[in-house]
Amino acid sequence: MSGLDLTLDPERQLRRFEVINGAGGRRHWSVDDKARIIAETLEPNAIISEVARRYGLRPQQVFAWRREARKQAASVQQDSPAFVPAVVAAAEPVASRSPKQRKRQATRGAGMIELEIDGISMRVGRGADTKTVAAVIRALKATS
């Protein structure tokens, strides 16, 4: 008897028989091809297993590529500083406010920073904990 013993059930019909001879090895995907496939999986209503099947991949491979892309994007964001436009709004004319209103407004607005991320405004007052502000900014970026 040979090293390959195929016992076929006579009642079952053979549909596919594949012989792998070891030639060829793994396919190597370019970075552009991986990015294109990952972008296709991010489309609305995309089913990852269908996209993977279309390219002859396993869904696990596509998930690994997506995880790797997220890690690379996170490391790029941490390494480079992010700049945003700063808008300085003109203050309300002083003459139209009473002295009490001016004093209250001066103490309330002194040292305050207002951030706007995708239409969501956040005001950071004097003495705010930097770790808390950073966590709120990360949460706002994650929702956008």
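Me: Before I look at Val62, what counts as a contact here?
Reply: Contact means heavy atoms within 4.5 Å. In this predicted model, Val62 touches Thr41, Ile48, Ala52 and Leu57, leaving aside residues up to four places away in sequence. Local features need pLDDT of at least 70 and side-chain atom pairs pLDDT 80 or more, while totals for chains, interfaces and linings use all residues. Numbering starts from 1 along each chain as its sequence is written, and side-chain values use heavy atoms, without hydrogens and water.

Me: Which residues make up the largest nonpolar core?
Reply: The general idea first: in soluble globular proteins, nonpolar side chains tend to be buried together. A nonpolar core is a set of buried Ala, Val, Leu, Ile, Met, Phe, Trp, Tyr and Cys residues joined through side-chain atoms within 4.5 Å. Buried means under 20% relative accessible area, with a 1.4 Å probe and protein chains only; exposed is over 50%, and partly exposed lies in between. Here the largest core has 8 residues: Ile37, Ile38, Ile48, Val51, Ala52, Leu57, Val62 and Trp65.

Me: Which elements give two or more residues to this core?
Reply: Helices (H or I, at least four residues) and strands (E, at least two) are DSSP runs, numbered from the N terminus. The contributors are helix 1 (31-41), helix 2 (48-54) and helix 3 (59-79), and helix 2 gives the most, with 3 residues. Apart from this core lies another, of 5 residues, including Ile117, Met122, Val124 and Val133.

Me: And how much of the whole protein is buried?
Reply: Of its 144 residues, 11% count as buried. The protein has 5 helices and 2 strands, in the order α-α-α-α-β-β-α from the N terminus.
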